[in-house]
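Open the model in your viewer and keep the sequence panel beside it. The stops below say what to select and what is there.

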Amino acid sequence: MKRARQTAGATALHSSCEDLGVEISDLSARLRFKPADAQIWLETERMMMVHLSAFTSLRRELIDTLGTQGARRLLIRMGQASGATDAQIARRARSSDDPAAIFMAGPRLHAIEGMVRAEPLDFHVDAETGVHTGEWIWRNSIEVDAHLAAFGPSSEPVCWHMIGYASAYTSAFMGRPIIYREVECRAMGAPNCRIIGKPVHDWDEESDEDLHTGIDLDVLGTCDEWSEGASGNDEPDRLVGQSSDFAGMMHRIAMVAPTDATVLLMGEPGSGKKSAARLIHQRSARARKPFVVMNCAAWQGEALDIELFGTERGPNGSPRQGRLERAHGGTLFLEDIHCLDVRAQSKLLRALQEKTVERVGSSQPRTINVRLLASANARLLDARRAGQFREDLYYRIATMPIPIPPLARTARRPSAAHPAFHPQVRAPLPQDHPGAVQRRRRVPQHARLSGQYRRAGKHSRTRGDHDPGRTAAGDDAPVVTARRTGSRVLCPVEPWSPDPAPARGRQRSRNGSVRQSARQ
Ligand SMILES: [Zn+2]
């Protein structure tokens with residue numbers, strides 16, 4: 001493992017980010033002002049400026065009206081909405097192959113939005129195991145300024161909006177629930193705020209109450225599909241194409257959509273399988289019911305069981321629905337179903353046959369009424385031939401296979417207010433081939449964050465222990481590691497290839513650890 005040591009304070013930290021290719025200018029260039037029309041755009045998101053004094057008044061009113069916990073909950077939810085939206089912007093804005101560089105777009109966007117400057121102390125990206133850990137220093141938090149102006153010093157952390165942002169951004173980016181917790185806050189007298197993040201299941205129980213106050217776990221758990229709709233554009237996706245293959249695909253979709261048949265969408269990454277699935281749902285009798293998406297490559301083991309089937313005892317001790325239950329009455333779209341291991345295949349098959357689910361920790365069957373759509377690529381056929389994918393499940397999901405041609409193009413119907421209709425705004429809409437966009441999106445989705453939290457007891461450090469100068473010391477040297485792999489058992493990162501042999505070659509060549517350090 002390559003690990004870097006920080007040798008200076010804040011300036012060096014900033015340099016280390018630039019060393020990673022993490023700059024801010026590529027993002028700030030996406031901020032467009034159109035004052036004559038009262039519009040500010042950050043990429044394709046309309047923004048607004050709010051005075052600190054107004055934010056302070058709002059915060060005071062919220063706390064006076066709703067109480068501390070109520071105000072905290074509301075601001076966390078606001079932050080979650082911002083974080084999930086910025087995860088989409090980050091994916092579109094950054095084309096790097098380095099997951100860490102793409103991830104860093106979020107903290108940089110947070111700075112552009114005037115909220116906080118985030119500097120990594122210990123930040124691990126692991127594509128193979130899908131776990132994220134991070135420890136960050138927050139400087140210049142505007143929430144601290146607002147809280148101090150309204151109420152003076154606090155006995156507990158006050159950066160609620162920002163902690164919601166960090167949790168939702170990371171969860172949406174990784175496709176799994178990650179929770180950030182503020183362990184020091186400048187409003188409490190610390191030199192700066194400090195946050196720690198890791199997968200929700202890795203937090204110990206004693207911190208549950210503190211962790212989950214206000215965090216909407218259901219939102220984090222469904223960030224993938226939730227953030228898809230965060231743009232507020234409810235127009236159905238359009239699939240655009242001209243080839244005969246495309247016409248054949250659309251004909252099959254038109255035929256199968258009104259039925260309740262299970263549909264298997266086969267195609268390479270970026271071909272628009274999710275858009276096709278959404279179109280089938282929108283043209284079915286279930287259109288007004290939930291359309292729930294789950295990427296099977298993002299989950300493994302018990303976490304996958306909990307996500308798919310639910311649990312009687314969630315992280316905060318309360319029952320939690322799995323995605324099968326949440327799709328009740330509607331449609332469940334399982335992306336990359338070939339990534340399910342055999343054990344999960346068996347449980348899914350039983351659920352489909354019996355139309356019931358049993359949550360983890362319960363033997364009580366719960367009735368479900370779900371239409372299943374699934375997507376896969378050629379690896380499904382390889383897995384089936386190799387005995388790694390159950391024949392009975394294959395035939396159940398492949399009753400109506402629809403090949404998605406490689407050049408099928410997905411595009412959202414632009415609205416009249418869309419900046420694309422205002423050339424003077426020159427908002428940099430993604431112009432790349434959608435396949436390339438999809439591939440970029442897959443990098444963070446598969447660049448699951450992992451690693452061991454560097455040492456125990458860090459978050460028990462007293463606030464006086466930390467100051468900017470101390471980051472220069474060995475123990476607190478910032479460490480940014482990123483590991484990306486194409487070799488994990490079930491779902492490689494590299495683009496789909498019709499020829500499995502060269503794909504495996506690339507897989508091997510990408511295998512291993514690509515770790516990057518904050519600073520040498
Ligand atoms: Zn704070």
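Select R117 to begin. In this predicted model, R117 is partly exposed because its relative accessibility is 31%, between the 20% and 50% limits of that class. Now add E119, which forms a salt bridge with R117; their closest N and O atoms are 2.6 Å apart. E119 is buried, with a relative accessible area of 3%. The pair therefore joins a buried residue, E119, to a partly exposed one, R117.

Next, select K34 and D37. Their side chains meet in a salt bridge, with 2.6 Å from N to O. Which of the two is buried, and which is partly exposed? K34 is the buried one, at 7% relative accessible area, while D37 is partly exposed at 40%.

Move on to D305 and R343. These two form a salt bridge in which the closest N and O atoms are 2.7 Å apart. D305 lies in helix α13 (residues 301-309) and R343 in helix α15 (residues 342-354), so the bridge ties together parts that are 38 residues apart in sequence. D305 counts as buried, at 8% relative accessibility. R343 counts as partly exposed, at 36%. Keep both selected and add D341 and K347: salt bridges with shared partners join D305, D341, R343 and K347 into one network. Over the whole structure, a search finds 21 salt bridges.

From α15, step along to K355. This residue lies in the loop between α15 and β14 (356-358). K355 counts as exposed because its relative accessibility is 51%, and exposed means over 50%. Check its backbone as well: K355 is not a glycine, yet its phi is positive, at about 55°. Most residues other than glycine have a negative phi.

Another positive phi is found at E43. Select E43 in the loop between β2 (39-42) and β3 (45-47). Its phi is near 55°, again positive in a residue other than glycine. Is E43 buried or exposed? At 0% relative accessibility, E43 counts as buried; K355, by contrast, counts as exposed.

Now show two helices together: α11 (residues 244-256) and α12 (residues 273-282). Two packed helices are described by the angle between their axes and the distance between the axes. For α11 and α12 the angle is about 35° and the axes are 9 Å apart. The crossing of α11 past α12 is right-handed. To see where they touch, display the side chains of M250, I253 and V256 in α11, and of A276, L279 and I280 in α12. By class, this contact has six nonpolar residues, with no polar and no charged ones.

Finally, clear the selections and look at the whole protein. How many helices and strands does the protein have? There are 19 helices and 19 strands. Of the 520 residues, 55% are buried. The protein exposes about 21,600 Å², and carbon and sulfur atoms supply 50% of that area. Counting contacts between residues at least 6 apart in sequence, 75% join residues at least 24 apart.

Technical notes. Residues are numbered from 1 along each chain as its sequence is written. This is a predicted model: local features need pLDDT of at least 70, side-chain atom pairs count only at pLDDT 80 or more; totals for chains, interfaces and linings use all residues. Side-chain values use heavy atoms; hydrogens and water are left out. Axes are lines fitted to C-alpha atoms, for helices over the stretch in contact, and angles run from 0 to 180 degrees between N-to-C directions. Helices (H or I, at least four residues) and strands (E, at least two) are DSSP runs, numbered from the N terminus. A crossing is left-handed if the near helix is turned anticlockwise from the far one by less than a right angle, and right-handed if clockwise. Contact means heavy atoms within 4.5 Å. Ala, Val, Leu, Ile, Met, Phe, Trp, Tyr, Cys and Pro count as nonpolar, Asp, Glu, Lys and Arg as charged, and the others, Gly among them, as polar. A salt bridge is a side-chain nitrogen of Lys or Arg within 4 Å of a carboxyl oxygen of Asp or Glu. Buried means under 20% relative accessible area, exposed over 50%, partly exposed in between (1.4 Å probe, protein chains only). Accessible areas come from the Shrake-Rupley method with a 1.4 Å probe; for residues, only the protein chains shown count as cover.
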